[in-house]
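Please open the model in your viewer and keep the sequence panel in view. The tour below proceeds by selection, with a short account of what is found at each stop.

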Amino acid sequence: MHAAGILEDNTVSKLEWTSFARVQAPKVEGSWNLHTLTQDRPLDFWVIFSSVASLVGNPGQAAYGAGNAYADALAHHRRMQGAPALSINWGPWKGEGMSSQHTHNLYRRWGLLPIDPSEGVEMLGQLLSIDIGQAWAAPLDVDLLMERSAESPHLSLMAELVGGPKGRIPSPGGKAVANEASKLKDLPDDQRQAAVLEHVADLVRSVTGMEASEPVRVDARLETIGVDSLLTVDLLNALSRFFGLNLPATILINCPTIELLAKYLCEEIARNQKPDHTLLLDRSVPGGADLLNSSVSVSP
Ligand SMILES: NC(=O)c1ccc[n+]([C@@H]2O[C@H](COP(=O)([O-])OP(=O)(O)OC[C@H]3O[C@@H](n4cnc5c(N)ncnc54)[C@H](OP(=O)(O)O)[C@@H]3O)[C@@H](O)[C@H]2O)c1
């Protein structure tokens, strides 16, 4: 049974090779040692505690995700050789251990609930009684997973596995969110500004895994309140979906605080109230090739 591991979370741009190697060591060298040193023994089972991180790609866990993916692959490699092997992609466990409240909050928003230790031991027993090489083990809020499934291809795959064909998965947010966002257009300017600010703060809390009631500084730079470079993509997607706007990828660079984002979004919402005339460009129009795929909005 292999249960060694460490975490040193960091964004890829700040990842040092020495840190990467430290995180990989117990997973890659550790599992390989366990594999080679037990090869001539008649084993009833060979189990490695992997993580859901290798399936969904957690923010900041490139090294840990890769190390666990190695362990998953090694389990399959062993089984191809006829040796027993099981890699369990655990969700976060409650209690002592490497999982934190922050991790629990992040996973919870995807519908993956923390594992109670007694529940985990029971799952381990069940998994050992079946002939399987790799298993994802986590209690699920299936409705929430379905709702969030469009946030990443991995979540979409997971939702598909537990919920049937892709076509049956509702788009995140759905009607309720669309209605909520469309109401903003009808508000007087000052009320709209306050409401947009609150919605942006809520979305920031949601993507960073903060509690809904946790205070958040609206004038602080996003990276100082937990929106690291990986979460910027999540936040951009969440903002685009919620406000029904096609937002440029540079928006989080140009508007690096909740306050500035809300100001920009208010202007966009107000601008979108006015009828647009969209001129579609054609390749045959001189100079049109450069502008193809874009549209020009002209306010009367
Ligand atoms: N807790 C979770 O929510 C969770 C979720 C998914 C997967 N997992 C996996 O489950 C396993 C156990 O997690 P945990 O929460 O019990 O972690 P933990 O409390 O932090 O314990 C990890 C253990 O790994 C040992 N270790 C670290 N690096 C090592 C190395 N290079 N060589 C030998 N031993 C080493 C540590 O020993 P020292 O203390 O002596 O350094 C420690 O005993 C890990 O493999 C983890 O990846 C945990």
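Which residues have the most contacts inside the largest nonpolar core? In this predicted model, they are Val52, Ala75, Trp90, Ala138, Leu145 and Leu155, within a core of 31 residues. Select these six residues to begin.

**The largest core**

Next, colour the elements that supply the core. At least two residues each come from β1, α2 (53-56), α3 (62-80), β2, α4 (101-108), α6 (142-148) and α7 (153-163). Of these, α3 gives the most, with seven residues. In soluble globular proteins, nonpolar side chains tend to be buried together.

Now centre the view on Leu155. If its neighbours within four places in sequence are set aside, Leu155 is in contact with Val56, Trp110, Leu145, Arg148 and Ser149.

Apart from the largest core lies another one, of 23 residues; Leu203, Leu239, Ile258 and Cys266 are among them. A later stop returns to the higher residue numbers.

**The three-stranded sheet**

Select β1, β2 and β3 together. They form an open sheet in the order β1-β2-β3, and the pairing is parallel. The edges are occupied by β1 and β3 (134-137), each of which has a single partner strand, so one side of each lacks a neighbour in the sheet. From one strand to the next, the twist averages 25°.

The two pairings may be inspected in turn. Strand β2 (residues 86-90) pairs with β1 in the parallel sense over five bridges. Here, Ser50 stands opposite Asn89 in β2. On the other pairing, β2 and β3 are joined in the parallel sense over four bridges, and Asn89 stands opposite Trp136 in β3.

Which residues of β3 lie on its covered face, and which on its uncovered face? Gln134 and Trp136 make up the covered face, whereas Ala135 and Ala137 make up the uncovered one.

**The surroundings of the ligand**

Select the ligand and display the residues around it. There are 15 of them, and Ala4, Gly5, Phe49, Gly97 and Ser99 come nearest. Two or more residues of this shell are given by each of α1 (17-37) and β1 (47-51). The largest contribution is from α1, with three residues. The element β1 therefore deserves a second look at this stop, for it gives residues to the shell and also supplies at least two residues of the largest core.

Colouring by class is informative here: the shell has 10 nonpolar residues, five polar residues and no charged residues.

**Leu252**

Move to helix α11 (residues 251-254), where Leu252 is found. Is Leu252 buried or exposed? It is buried, because 22 other C-beta atoms lie within 10 Å, and the criterion for burial is 20 or more. With neighbours within four places in sequence left aside, Leu252 is in contact with Leu222, Thr232, Leu235 and Leu236. To check one of these, draw a distance between the C-alpha atoms of Leu252 and Leu235: they are 8.8 Å apart in space, and the two residues are 17 apart in sequence.

**The whole chain**

Finally, zoom out to the full chain. Its secondary structure comes to 13 helices and five strands. Of its 300 residues, 30% count as buried. Among contacts with a separation of 6 or more, 59% are accounted for by residues 24 or more positions apart.

Conventions:
Residues are numbered from 1 along each chain as its sequence is written. This is a predicted model: local features need pLDDT of at least 70, side-chain atom pairs count only at pLDDT 80 or more; totals for chains, interfaces and linings use all residues. A residue is near a molecule or strand if its C-beta atom, placed from the backbone, lies within 6 Å of it. Ala, Val, Leu, Ile, Met, Phe, Trp, Tyr, Cys and Pro count as nonpolar, Asp, Glu, Lys and Arg as charged, and the others, Gly among them, as polar. Two strands pair if DSSP finds at least two bridges between them. Axes are lines fitted to C-alpha atoms, for helices over the stretch in contact, and angles run from 0 to 180 degrees between N-to-C directions. A nonpolar core is a set of buried Ala, Val, Leu, Ile, Met, Phe, Trp, Tyr and Cys residues joined through C-beta atoms within 7 Å. A residue is buried if 20 or more other C-beta atoms lie within 10 Å of its own, exposed if 12 or fewer, and partly exposed in between; C-beta atoms are placed from the backbone. Two residues are in contact if their C-beta atoms, placed from the backbone, lie within 7 Å.
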